[in-house]
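Colleague: I am new to reading protein models and would love some company. Could you take one part and walk me through it slowly, along with what surrounds it?

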Amino acid sequence: MSVVATSVFILFALIFLGYFIGKQGVVQKSSIPDLSNLVLMVTMPVTVFCSIIDQQGKTSSSPYWQIFVGVALLHGLSGLLTFFLVKAMRIPEKEQGVWIYSCMLANNGFMGLPLALSVYGSEGMFLMALGNVVTNLVIFSVGIKLLTWHYDIKDKLSFRKMFVNNINIAVVIGFVFLLANIPVPDVADQLLSYLANITSGLSMLVVGLSLSRLAFREVFQDKKMFLMAAIRLLAIPLLLIAILRVLPFEVDELTRNILILTAALPTSSAQSMITEQYHTNTSAAARSVFVTTLFSVATVPLIMMLAL
């Protein structure tokens, strides 16, 4: 599981770099929303498109529908569970959306894909990429609604705006290319690859830049964030393992392992970009990404050992 430690170290190095350059004024705080928009509007849609068309010519012995249904149910059940928890714990209204988002949606793109490839090979990465399609649809629809919950957003979020956005358009176009087996010219493929490769690093830098607005001690000041991290990294994957073991029907073994890995990952870093874009709870979102990524270096190997 050294690949987990390596992935987390790289993500953390980028977060700390973002924090440092934010504190030094290399990037002005007023520019952070612009960088978030660059990720959300340009590089992330390209990354999603590339992750789908990269599956052209690849096959999997696992039934595809199980990963689609499994990831959708995982998001739905974990979101519902956290909704009741934040109400019972009386989490402040403007933090509730961050809590639900954080426990509901995992970093199965930037962290999940390389982990799945390293641990389960190309077929495992393919299934993780398929699950990531579902996650992206949820992030840029329900996720946006959660992160703007209890905020007076001037630009009201309609159903159309939640679902018709660059990310989801990239998903649709990607599947058209995949299912129709449309080849992408080499020049276009290289251009898209350059843009896609920007996303992971830039998104982590944005997390660090968001944190740079806070004094370092304030990053760990909210003790309840540690409880949220325990729910995200331990309670939800352990609950999933228990559910999978008592199901009355058989789930494909590789699909089962990819679902558990997805549940064990830290929270999706896209929330930092979304909160920057809509000017909502950027500090809570950045702390959530920071804390869950920090502890995932220990919890992900633990969960996967228990699963196996």
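Modeller: Happily; we will start with a pocket and its helix, then follow the contacts into the nonpolar core. Keep in mind throughout that this is a predicted model.

Let's begin with the second largest pocket, which has a volume of about 420 Å³. Two elements give two or more residues to its lining: α3 (64-88) and α10 (224-246). The bigger giver is α3, which contributes the most to the lining, with nine residues. In total 18 residues line this pocket, and those nearest its centre are Gly-70, Leu-73, Leu-240, Ile-243 and Leu-244. What sort of residues make up the lining, by class? There are 15 nonpolar and three polar residues, and no charged ones.

Now look along α3 itself. Does its length fit what a helix should have, or does it disagree? With 25 residues at 1.5 Å a residue, α3 should span 36 Å, and its end C-alpha atoms are 37 Å apart, so the two values agree. Several residues of α3 are buried, among them Gln-66, Gly-70, Leu-74, Ser-78 and Thr-82. Here is a handy rule for reading such a list: an α-helix has 3.6 residues a turn, so residues three or four places apart point the same way. Just after α3 comes Arg-90, where phi is positive, about 55°.

From the pocket we can step into the core. Leu-240 and Leu-244, which are among the residues nearest the pocket centre, are also touched by Ile-260. Ile-260 sits in helix α11 (residues 253-264). Is Ile-260 buried or exposed? Its relative accessible area is 0%, so Ile-260 counts as buried. Not counting residues up to four places away in sequence, Ile-260 also touches Ile-241, Ile-303, Met-304 and Ala-307. The C-alpha atoms of Ile-260 and Leu-239 are separated by 9.8 Å, although their positions lie 21 residues apart along the chain.

Ile-260 belongs to the largest nonpolar core, which has 93 residues. Among the residues with the most contacts inside this core are Ile-260, Leu-261, Tyr-101 and Phe-140. Helix α5 (residues 112-147) supplies the largest share of the core, 18 residues. As background, nonpolar side chains in soluble globular proteins tend to be buried together.

Leu-261 shows how such a core is joined up. Leaving aside neighbours within four places in sequence, Leu-261 is in contact with Leu-115, Ala-116, Tyr-120, Met-128, Val-300 and Met-304. Met-304 is therefore a shared partner, because Ile-260 touches it and Leu-261 is in contact with it too.

Polar residues can be hidden as well. Ser-288, found in helix α13 (residues 282-307), is buried, with a relative accessible area of 0%. Beyond its neighbours in sequence, Ser-288 touches Val-98, Ser-102, Met-225, Met-228, Thr-267 and Gln-271. In helix α5 there is Ser-141, which is buried at 2% relative accessible area.

For contrast, finish with two loop residues. His-150, in the loop between α5 and α6 (159-163), has a positive phi of about 70° although it is not a glycine. Its relative accessibility is 28%, so His-150 counts as partly exposed. Asn-181 lies in the loop between α7 (166-179) and α8 (186-211), and it too is a non-glycine with a positive phi, about 55°. Asn-181 is exposed, with a relative accessible area of 52%.

Notes
Residues are numbered from 1 along each chain as its sequence is written. This is a predicted model: local features need pLDDT of at least 70, side-chain atom pairs count only at pLDDT 80 or more; totals for chains, interfaces and linings use all residues. Side-chain values use heavy atoms; hydrogens and water are left out. A nonpolar core is a set of buried Ala, Val, Leu, Ile, Met, Phe, Trp, Tyr and Cys residues joined through side-chain atoms within 4.5 Å. Buried means under 20% relative accessible area, exposed over 50%, partly exposed in between (1.4 Å probe, protein chains only). Helices (H or I, at least four residues) and strands (E, at least two) are DSSP runs, numbered from the N terminus. Contact means heavy atoms within 4.5 Å. On a 1 Å grid over the protein atoms alone, a cavity is a set of points where a 1.4 Å probe fits but cannot get out, and a pocket is an open set with protein on both sides within 12 Å along at least five of seven lines; lining residues have an atom within 4 Å of a point. Grid points are joined across faces, edges and corners, and a volume is the space filled by probe spheres set on the points. Ala, Val, Leu, Ile, Met, Phe, Trp, Tyr, Cys and Pro count as nonpolar, Asp, Glu, Lys and Arg as charged, and the others, Gly among them, as polar. The expected span of a helix is 1.5 Å times one less than its number of residues.
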